[in-house]
Amino acid sequence: MPQPSDCPEEWKRTLLADAAKIAGGHLRHYAKHWCLAGSPPDWFLNPLSGARHPRPCVHWISLKDFDPSVGDIKNIWEVSRFEWVPALARAHAVSAEGPYLKTLNRWLRDWGEKNPVNTGPNWKCGQEASIRVFNLVLAALVLRQWRQPSPSLVEFIFRHLERIHGNIRYAIAQDNNHGTSEAAALFIGGSWLARVSGDSAAVRKSAFYARRGRKWLENRVERLVEPDGSFSQHSVTYHRVLLDTLILAEHWRKRLDAPPFSDVFYERAAAALDWMAVLIDPVSGGAPNLGSNDGAMLLHMHGCDYRDFRPTVQTAGALLRGRKIFAAGPWDEPLFWLGIDALEAERSAPEKASRVFPGGYVVMAGRHSWALLRFPMYRFRPTHNDVFHFDLWHHGQNVCRDAGTYSYNPEEATDGHYFKSVRAHNTVSFGSQDQMRRLGRFMLGEWLRADHVSQIESAGNGWLCWSGAYKDFRGNRHQRTVRWRGDEWVVEDALSGPFPSAEIRFRLAAGEYRLEGNRVTGPWGSVDVCAKDCRMYMEEGMESLYYWQKSPVDVLVVCVDGGRKKIETRFSLRTTDDQSE
């Protein structure tokens, strides 16, 4: 393990600034919103609405999943994820002074008193319990107490494992990150307690939890991660949750000298790492705002922004591949705290390369720009109507962008529908209707199937090309072709079917835009539309880069009447020299 005194000053300043806010009773929600929580916090308060949970003293099984008097339950759960625990532990480690450790211990005692086992909303979700386990064992590692933890911590972790294991089959049935994170918590917590517990019965039970966690984690990785690295949840931030989970599991497996996972586990974990590395913008560390986003970031051991995905990829590369993927930077901090070393020779960001992922994604690389396109390939349930969404990046800026999620249970019901609807993505809507029928808060019906998906091919004169097509349940067909050369991008949409009208939307980066005829001019370049009898206008949409945060965004809308239509949209991106003039 590194010495805390070796922590770089830049990292230390950011950490201590955050820790001072936390010790003062302010906690950050979804890695974005600093809210006054109190010291100790009110564990049942929704700070974003002011509502307080009305039933904190009943068994969790009696509580509603969505209580209108509470609002979004995640706003209550967020404080009890314990992301403040490793933050205060790290602050104490680098300072050895101040109120950090006292605050940490006082708050944990208060949480245990106010949240008896299986009582109240903070015990309702096994994944929330799992995240508490992750953060507690990380703090024990930072404080160098993991070999000889206090009896109270051992008991606290053990009760969490009981809760998680008691409902593990519900988590497995979700076919998503609930299964991976809850299995990982059983493996990590069980393996750890089997080593440090002084009670033989507790050791046997903990070892049982570890075996069950290993079994289900290997099972989930094999089932939910495609050979190309795509995950069952069509989301970049949930993919990060998956990678963070695998990082924690493999780190603790090594630290506890447990047997390796299965060969398939490591093959799929490496593929999931490669998937995320390809989707990261090499300039900014950002990634497309694709799919559902609940604000989760499990490896919260650094001072980078939530939208910077380099800490996870850097850590996964060092742990799974023995090499760093990016040049040195603040994204190395998790490696420091986890005590992971890696080869110094491999420290340059990978070149962006064009690639088709059979799991439903196309990455297209230009000169100083790149794009992502989502095509329909569903083995697991989709939640967003984002088929053929086109995401464009230029010099680190997300020029043409996705909307995000905002909230799973917003105060305005229309917000919940908007962010998952086709209008919130850069694609075609037929007759102002969604591509797939919404069946519930998290479910869609009439899943689309691609009837054509090409490889990336040469189109002559230096142009590259990709195309795909689908037909929806109403009989409307959409074929989208993307051609690119250098920093020029052309999106061709061929439409047919019984639709009365269709709209194509392109959601643009913040800036001043001017619409003249069929051309939109902005700070990064221009968009030209060529189509017969089309109408164009700019509308105000919304985007959410962080959970429970939304802001306006300019949207270019191209409208056409029914019948066979072909629309060509050309993005001409300015070079660096052009932008400096």
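A residue counts as buried when its relative accessible area is under 20%. With that cut-off in hand, welcome to the tour of this predicted model.

**Stop 1: the whole chain.** Start with everything selected. Of the 581 residues, 61% count as buried. You will find 15 helices and 22 strands here. The radius of gyration is 24 Å, close to the 25 Å from the globule rule for 581 residues, so the protein is as compact as a globular protein of that length. Turn it along its principal axes and the C-alpha trace spans about 75 × 55 × 45 Å. Now switch on the surface: its accessible area comes to about 22000 Å², with 49% belonging to carbon and sulfur atoms.

**Stop 2: an open sheet.** Next, go to strands 3 to 7, which make up a five-stranded open sheet in the order 3-4-5-6-7, with antiparallel pairing. Select 355–357 and 397–400 to see its edges, strand 3 and strand 7, each of which pairs on one side only. Neighbouring strands in this sheet are turned by 20 degrees against each other on average, direction ignored.

Now zoom in on residues 369–374 (strand 5) and 390–394 (strand 6), which pair in the antiparallel sense over five bridges. Pick L372 and look across to strand 6: what stands opposite L372? That is D391.

**Stop 3: N293.** Finally, select N293 in the loop between helix 11 (263–279) and helix 12 (310–321). Is N293 buried or exposed? Its relative accessibility is 2%, so N293 counts as buried. Show its side chain, which reaches the backbone nitrogen of G295 at 3.0 Å. Beyond its neighbours within four places in sequence, N293 has contacts that include T237, Y306, R307, T405 and Y547.

Conventions: Residues numbered from 1 in each chain as written. Predicted model: local features only at pLDDT ≥ 70, side-chain atom pairs only at ≥ 80, totals over all residues. Heavy atoms only, no water. Pairing = 2+ DSSP bridges. Helix = DSSP H or I, 4+ residues; strand = E, 2+ residues; numbered from the N terminus. Axes fitted to C-alpha atoms, helices over the stretch in contact; angles between N-to-C directions. Buried < 20%, exposed > 50% of the residue type's maximum accessible area, 1.4 Å probe, protein only. Polar contact = N/O pair within 3.5 Å; in protein donor to acceptor, adjacent residues only side chain to side chain. Contact = heavy atoms within 4.5 Å. Rg over C-alpha atoms; globule rule 2.2 N^0.38 Å. Areas by Shrake-Rupley, 256 points an atom, 1.4 Å probe, with all protein chains shown as cover.
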